[in-house]
Amino acid sequence: QAQLVESGGGLVQPGGSLRLSCSVSGSIFSIGAMAWYRQAPGKQSERVAQITPVRSTSYADSVKGRFTISRDNAKSTMYLQMNSLKVEDTAVYYCNAQLAVRPGPLYNYWGQGTQVTVSS
């Protein structure tokens, strides 16, 4: 059974940094695009950043220049380096990945979410 396991959330002051990690566990045949989403209380879910298997990246306008998404294909792990954090970055961050556990189509998987709180 494939799973996405997130880590790295927490409480940080405005202007600070955090690094989120998302590891794929279980028997996996292939990993497609991976992404980070976030959801703040009372707001719609937002895709923060996405990275393809060849490391092409895209970002939400709200985080461009501050967040960096990366992946280590050998470790089946994705990262989100978050710098210059703002109060409005406070949300639950979810890892998303397209996975195939056997030859065939990719399916969407989600992590359990990790809380990021930016507050003084």
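Contact here means heavy atoms within 4.5 Å. Keep that in mind for these exercises on a predicted model.

**Exercise 1.** Find which residues serine 21 touches, leaving out those up to four places away in sequence, and decide whether serine 21 is buried or exposed.

*Solution.* Start with the location: serine 21 belongs to strand 3. Next, list the contacts: Val5, Glu6 and Ser7, then Trp36, and finally Met78 and Tyr79. Now turn to accessibility. Buried means under 20% relative accessible area; serine 21 has 15%, so this residue is buried. For a sense of distance, compare C-alpha positions: aspartate 61 is 40 residues from serine 21 in sequence and 21 Å from serine 21 in space.

**Exercise 2.** Locate the disulfide, give its handedness, and work out which parts of the chain it ties together.

*Solution.* First, count: the structure has 1 disulfide. Its partners are cysteine 22 and cysteine 95, with 1.8 Å between the sulfur atoms. Then read the angle about the S-S bond, which is -65 degrees and makes the link left-handed. Next, place the partners: cysteine 22 is in strand 3 (residues 18–25) and cysteine 95 is in strand 9 (residues 91–100), so the bond joins parts 73 residues apart in sequence. Last, check exposure: cysteine 22 is buried at 0% relative accessibility, and cysteine 95 is buried with a relative accessible area of 0%.

**Exercise 3.** Identify the ring over which the charged end of arginine 19 sits.

*Solution.* Look at tyrosine 79: the charged end of arginine 19 lies over its ring, 4.0 Å from the centre. Tyrosine 79 also appeared in Exercise 1, as one of the residues that serine 21 touches.

Methods. Residues are numbered from 1 along each chain as its sequence is written. This is a predicted model: local features need pLDDT of at least 70, side-chain atom pairs count only at pLDDT 80 or more; totals for chains, interfaces and linings use all residues. Side-chain values use heavy atoms; hydrogens and water are left out. A disulfide is a pair of cysteine sulfur atoms within 2.5 Å. Helices (H or I, at least four residues) and strands (E, at least two) are DSSP runs, numbered from the N terminus. Buried means under 20% relative accessible area, exposed over 50%, partly exposed in between (1.4 Å probe, protein chains only). A charge sits over a ring if NZ of Lys or CZ of Arg is within 6 Å of the ring centre and within 35 degrees of the ring normal.
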